[in-house]
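Reader: Could you take me through one part of this protein at close range? I'd like a single connected walk, not a list.

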Amino acid sequence: MSATVMDNPLRAGVRLERTADPCTVIIFGATGDLTKRKLVPALYRLVQERLVPGEFAVVGAARSEMGHDDFRAKMKDAVAQFSEAKRVDEEVWDSFAQGLYYLPVNIDSPDDYKKLSDLLDQIDRERGTQGNRVFYLSTAPALYAEAVKQLGQSGLVNQEKGWRRVIIEKPFGTDLATAKQLNRDIHEHLEESQIYRIDHYLGKETVQNLMIFRFANGIYEPLWNRQYIDHVQITNAETVGVEGRGGYYDKAGVVRDMIQNHVFQVLSHVVMEPPASLGAEAVRDEKIKAMMSARPFTAERVRNECVRGQYGAGSINGKPVPGYREEEGVPKDSTTETFAMVTMRFDNWRWSGVPFYIRSGKRLAKRVTEVAIQFKDAPHQLFGREMMEQVAPNQLVIRIQPDEGITLRFGAKVPGQVTRIRDVNMDFRYGASFGVQLAEAYERLLLDCILGDPTLYARTDMTERGWEIVMPILEEWAATKAEAPFPNYEAGSWGPQATHDLLASQGRRWRRP
C-alpha cells in the first residue's frame, strides 16, 4: 500500500483508526463542574481504551491553590462518581495519575503562563509528550479572549516545537456582535486550524450516524426531499430546570443556550447536501451552505411562526417542582424564555415548501432529543379516507438521546378477515444491535482534537451563521411583550398550548415522544 494512502486518514472516504500523537492536555477551569463530570472521566476512558499513547499527560489549571496529589485524589473521586462504570480500575488509574498534574493559574497573569510553560517543558522531558498540546478553555465565557491572548503572548500556542490546539466551550458569544468580536480576538493569536469550538451534541453517535444513514444507504436519500417529506420536527426536551444556574440562564434563555448551537448543528446534518468527501472542510462546507439557505426571520414570521414560553410550577415524575420565577437567582418578573418553538424554512431545491418545526425547552414531560421526518400521505386513498385518517402518517424518527436509535413507522394490516390498518414500528437500537456501551460525546471529541480532526467542531462561519438566524427572533421578543403572560406552560407538560395550535392551523400535530 502506498505511503500516500497510509498517511491519509480518509481512505476512499472512510475514517480510519489512527494512533494519537503524544501530547499534553491542559484544562483551564480544572476545578469546575465540567472537568470532574465530563473531561477527566473522558480522558481516563481514552487511557483505559488505549486510544492515547503512554506519552500522555493532563494538567489542571485553575485559581485554587492545590498540589498535584490533592488534584489527583479529587479527580479519582470524580471518575468513580461520573464515569459510566461508576468505578475506578486501579491499574489504569495508576497509569493515568502518573501523568496528572495541577498548577494554580490566574487567566490574566503573564507570570502564571511562564510557570505553566516551565511545567509543560518538564512534562515533555519526563513523559515524552514532544511539545504537542491541547488547551481546553473550560472557564467562564468572558475569559475566553483573555486566555487566548495570554497563550499567544506567552508563546504557548507557537507551533515551532509541536502542534498546539485550543478547544473553546460554548457559549460562543451572547449575540452576533460578540461572536464576531470573539472570533476576531482569537484569530489574532490562533490560526483557524488551531481552533476547536466544541459542541458536545456532535459527539453523540446518532448525530454522526445521520451521515451514514443518509449517504451510505440507497433507500432513504432519494426520499430525503420536498417531493416525499411533508415536514420535519426536531425536539430537544429537558425535564430539569435551571439547576442553580438561574443568574446565567436568565441572561441567556433557551434560544441562546440550546437552539443557535446544539439544535442548529443537528439540523444542519439533516438539511445538508452530500459532501464531496468525508474530509473535515468538505463536510463543514455543506453544513454552512445548507444553513445559508435558511429563510431570514422577519418580525411577521416571528409573530406567526415562532412561540416562546416560560414554565410555571408543576410536577416531574410525580414530584412537585417550582416555576422558573421561583428558581434561585431568577427575578420574580423575568420574561426570559425557557421554551422556544421556531419554524425554519430553507429556500433551496431540496427543501422548498418543507417546514422544519424546532422546539426546545426545560421542565418538559420527558428528556428526549430526536428528529422526526414525517412523509407525505399516499397520493390516492385506496383504502378510504375514514380508514386512513385513523392511521398516523409514515415517520422516520432518529433518537439522539436517550435510547439512541432509529424507528420507522408505517401502516400494516391487522390479522383477520376484515381489512384494518394499524401503525407498526421497525426499530433499531444501538445497545441491542451492537451490544456495546456507547462512548461519551466528550471522549470522541477530545480524541478527535488530539488526532487533529475538526470535522465535528464548529467553524467560524457556522458559529456566526447561527447567531445571524436567531438575532431577529431575539430582537423581536425583546421589543414586544409575550403573546401570553408568563408562565404559560406547566412544568411536566409539552410546552405552551400555542405551539399545538400553530401546527393544528396547518393541519399537523406534534409527535409525542
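In what order do the 8 strands of the open sheet come?

Author: Happy to. Keep in mind that this is a predicted model. The order is β10-β14-β15-β9-β16-β17-β18-β19, and the pairing is mixed. At the edges stand β10 (306-309) and β19 (421-429), each with a single partner strand, so each has one side left without a neighbour in the sheet. Going from strand to neighbouring strand, the average turn is 15°, with direction ignored.

Let's start with β16, residues 368-375. Of its 8 residues, 8 are buried, so the rest of the structure largely encloses this strand. The side chains split two ways: V368, E370, A372 and Q374 point to one side, T369, V371, I373 and F375 to the other, and all of them are buried. So that list of buried residues takes in E370 and Q374 as well as V371 and F375, because 8 of 8 are buried here.

Now look at who sits beside β16. On one flank is β9 (residues 229-237), which pairs with β16 in the antiparallel sense over 8 bridges. If you want a spot to zoom in on, take V232, whose bridge partner in β16 is I373. On the other flank is β17 (residues 395-401), joined to β16 by 6 bridges, and this pair runs antiparallel too. Here T369 is a handy marker, with Q401 as its bridge partner in β17.

Step over to β9 and you meet the parallel part of the mix: β9 and β15 (residues 356-361) pair in the parallel sense over 6 bridges. A237 has G361 as its bridge partner in β15. Further along in the strand order comes β14, and that strand (residues 339-344) is where confidence is highest in the protein, at a mean pLDDT of 98.

Helices lie across this sheet as well. Helix α8 (residues 205-215) lies across β17, β18 (405-413) and β19, and runs at about 145° to β17. With 8 of its 11 residues buried, α8 is largely enclosed by the rest of the structure. The buried ones are T206, V207, Q208, N209, L210, M211, F213 and R214. Helix α16 (residues 460-479) lies across β10 and β14, and its angle to β10 is about 60°.

Away from that sheet order, have a look at β4, residues 56-62. Like β16, β4 is mostly covered, with 7 of its 7 residues buried. F56, V58, G60 and A62 point one way, while A57, V59 and A61 point the other. Its pairing with β3 (residues 23-28) is parallel, over 6 bridges, and F28 stands opposite A61 in β4.

One helix pair is worth a stop too. The axes of α2 (residues 33-48) and α15 (residues 441-451) come within 9 Å and cross at roughly 65°, in a right-handed crossing. From α2, the contact uses L34, K38, L39, A42, L43, R45 and L46; from α15, it uses Y442, E443, L446 and L447. Sorted by class, that gives 8 nonpolar, no polar and 3 charged residues.

How far should you trust all this? The average pLDDT is 89, and 92% of the residues score at least 70. Be wary at the start of the chain, though: pLDDT stays under 50 over residues 1-13, and confidence is lowest in helix α1 (residues 3-7), at a mean of 37.

Terms used: Residues are numbered from 1 along each chain as its sequence is written. This is a predicted model: local features need pLDDT of at least 70, side-chain atom pairs count only at pLDDT 80 or more; totals for chains, interfaces and linings use all residues. Side-chain values use heavy atoms; hydrogens and water are left out. pLDDT is the predictor's confidence in each residue, from 0 to 100. Helices (H or I, at least four residues) and strands (E, at least two) are DSSP runs, numbered from the N terminus. Contact means heavy atoms within 4.5 Å. Axes are lines fitted to C-alpha atoms, for helices over the stretch in contact, and angles run from 0 to 180 degrees between N-to-C directions. A crossing is left-handed if the near helix is turned anticlockwise from the far one by less than a right angle, and right-handed if clockwise. Ala, Val, Leu, Ile, Met, Phe, Trp, Tyr, Cys and Pro count as nonpolar, Asp, Glu, Lys and Arg as charged, and the others, Gly among them, as polar. Buried means under 20% relative accessible area, exposed over 50%, partly exposed in between (1.4 Å probe, protein chains only). Two strands pair if DSSP finds at least two bridges between them.
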